[in-house]
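Dear colleague,

I am passing on the structure that we spoke about, and below it you will find my notes on what turned up in it. Please read them with the model open beside you, so that each place can be looked up as it is mentioned.

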Amino acid sequence: MKNIIITGASNGIGKAIAQSLRKKYNIINIDKEENSVEGITFYKCDLGDKEELLNTILKIKEETDSLYALINNAGFGIFKPLEEQSIEEWESVLNVNLKAPYILSKEFSHLLKKSHGHIINISSTRALMSEAGTESYSASKGGISSLTHALSISLAPKVKVNSISPGWINTDESYTPTPQDDFQHPCGRVGIPQDIVDTVKFLLKNRGFITGSDFVIDGGMTKKMIYI
């Protein structure tokens, strides 16, 4: 089976991707939280720690001689008023959300070129629009979208590099979206992890003509004009 690395596959969207792909691919999960998906290879790593990440990459290279896809999914945000944000918080978000995908893409580029493989970056509609207090998260996702098209040129023509920008994807199994939550989406509902899984599967079938693109999967929310 072909190998696919997914960061942050212990929970949320990453977990849904891993569960869906594990029967067809050998999944390698890099996450600081314990693996919660059976039948996949797990490397415990704090993606925000550069030295720990580089050591983990070295271990993977020693144990894996091929790679078909890298899915840079792991990410988090710290949301608070601008005046209360610290530089350390800014750096912690950028380290996980932007620096780690860059390092992983660079370090695994040789294997991905050999396989004529894929890089799929999970960005966010926060790269396109914002709420107050989201500076570090929005900047990191804007960076991921730009990193995507830069990598697509640097690794052309052998590696296809694209990004997915999810809108509201409900990964909280304890929360049921309200009618108002659903109604505000032009498609009539809040997103579910399978919506992103479907897009990942589509991109993995890409024969090469799709690269450098960002796919906004948000139920139409970024196209909805709102007047107050």
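**A residue inside: Asn-72**

Asn-72 lies in strand E4, and please keep in mind here and below that the model is a predicted one. Its relative accessible area is 3%, and because anything under 20% is called buried, Asn-72 belongs to the buried residues. If we set aside the residues up to four places away in sequence, Asn-72 touches Thr-7, Pro-101, Leu-104, Ser-105, Ile-119, Ile-120, Asn-121 and Ile-122.

**A second buried residue: Ser-163**

Ser-163 has its place in strand E6, which takes in residues 160-166, and with a relative accessibility of 1% Ser-163 counts as buried. Apart from its neighbours within four places in sequence, Ser-163 is in contact with Asn-121, Ser-145, Thr-148, Ser-213, Asp-214 and Phe-215. Ser-145, one of these contacts, is 18 residues away from Ser-163 in sequence, while the C-alpha atoms of the two are 6.5 Å apart in space. Asn-121 appears among the contacts of Ser-163, and Asn-121 is also touched by Asn-72.

**Helix H1 and the loop after it**

Which residues of H1 are buried? They are Ile-13, Gly-14, Ala-16, Ile-17, Ala-18 and Leu-21. A general point about helices helps in reading such a list: an α-helix has 3.6 residues a turn, so residues three or four places apart point the same way. The cover over the buried residues of H1 includes strand E1 (3-7), E2, strand E4 (69-72), E6 and helix H6 (193-204), and the two buried residues described above lie in E4 and in E6.

The loop between helix H1 (12-21) and strand E2 (26-31) holds Lys-24, and Lys-23 has its place in that loop too. Lys-23 is exposed, with a relative accessible area of 77%, and Lys-24 is exposed as well, with 56%. From Lys-23 to Met-1 there are 22 residues in sequence, and the C-alpha atoms of the two are 9.2 Å apart in space.

**Patches on the surface**

Lys-24 also takes part in a patch of positive charge on the surface, where it gathers with Lys-2, Lys-201 and Lys-205. A patch of another kind, nonpolar and about 260 Å² in area, is made by Leu-128, Met-129 and Val-216. Of these, Leu-128 lies in the loop between strand E5 (118-122) and helix H4 (135-154), and Leu-128 is exposed, with a relative accessible area of 56%.

**Salt bridges**

How many salt bridges are there? The count comes to six, with a side-chain nitrogen of Lys or Arg required to be within 4 Å of a carboxyl oxygen of Asp or Glu. One of them joins Lys-61 to Glu-107, and the closest N and O atoms of that pair are 3.3 Å apart. Since Lys-61 lies in helix H2 (residues 50-63) and Glu-107 in helix H3 (residues 87-115), the pair ties together parts that are 46 residues apart in sequence. Both partners count as partly exposed, Lys-61 at 34% relative accessibility and Glu-107 at 25%.

Glu-107 also forms a salt bridge with Lys-106, where the closest N and O atoms are 3.7 Å apart, and Lys-106 is partly exposed with a relative accessible area of 46%. Lys-61, Lys-106 and Glu-107 are thus linked in a network of salt bridges. Elsewhere, Arg-126 forms a salt bridge with Glu-131, with the closest N and O atoms 3.0 Å apart; Arg-126 counts as partly exposed at 23%, whereas Glu-131 is exposed at 53%.

**Two points about the backbone**

As background, most residues other than glycine have a negative phi, and most peptide bonds are trans. His-116, although it is not a glycine, has a positive phi of about 55 degrees. His-116 has its place in the loop between H3 and E5, and counts as partly exposed at 43% relative accessibility. The peptide bond that joins Ala-156 and Pro-157 is cis, with omega about 0 degrees, and Pro-157 has its place in the loop between H4 and E6.

With best wishes

Definitions and conventions: Residues are numbered from 1 along each chain as its sequence is written. This is a predicted model: local features need pLDDT of at least 70, side-chain atom pairs count only at pLDDT 80 or more; totals for chains, interfaces and linings use all residues. Side-chain values use heavy atoms; hydrogens and water are left out. Patches are made of residues with over 30% relative accessible area and no salt bridge: like charges are joined within 9 Å, nonpolar side chains (Val, Leu, Ile, Met, Phe, Trp, Tyr) within 5 Å. Accessible areas come from the Shrake-Rupley method with a 1.4 Å probe; for residues, only the protein chains shown count as cover. Lys and Arg count as positive and Asp and Glu as negative; His and the chain ends are not counted. The place of a charge is taken as NZ of Lys, CZ of Arg, CG of Asp or CD of Glu. Helices (H or I, at least four residues) and strands (E, at least two) are DSSP runs, numbered from the N terminus. Buried means under 20% relative accessible area, exposed over 50%, partly exposed in between (1.4 Å probe, protein chains only). Contact means heavy atoms within 4.5 Å.
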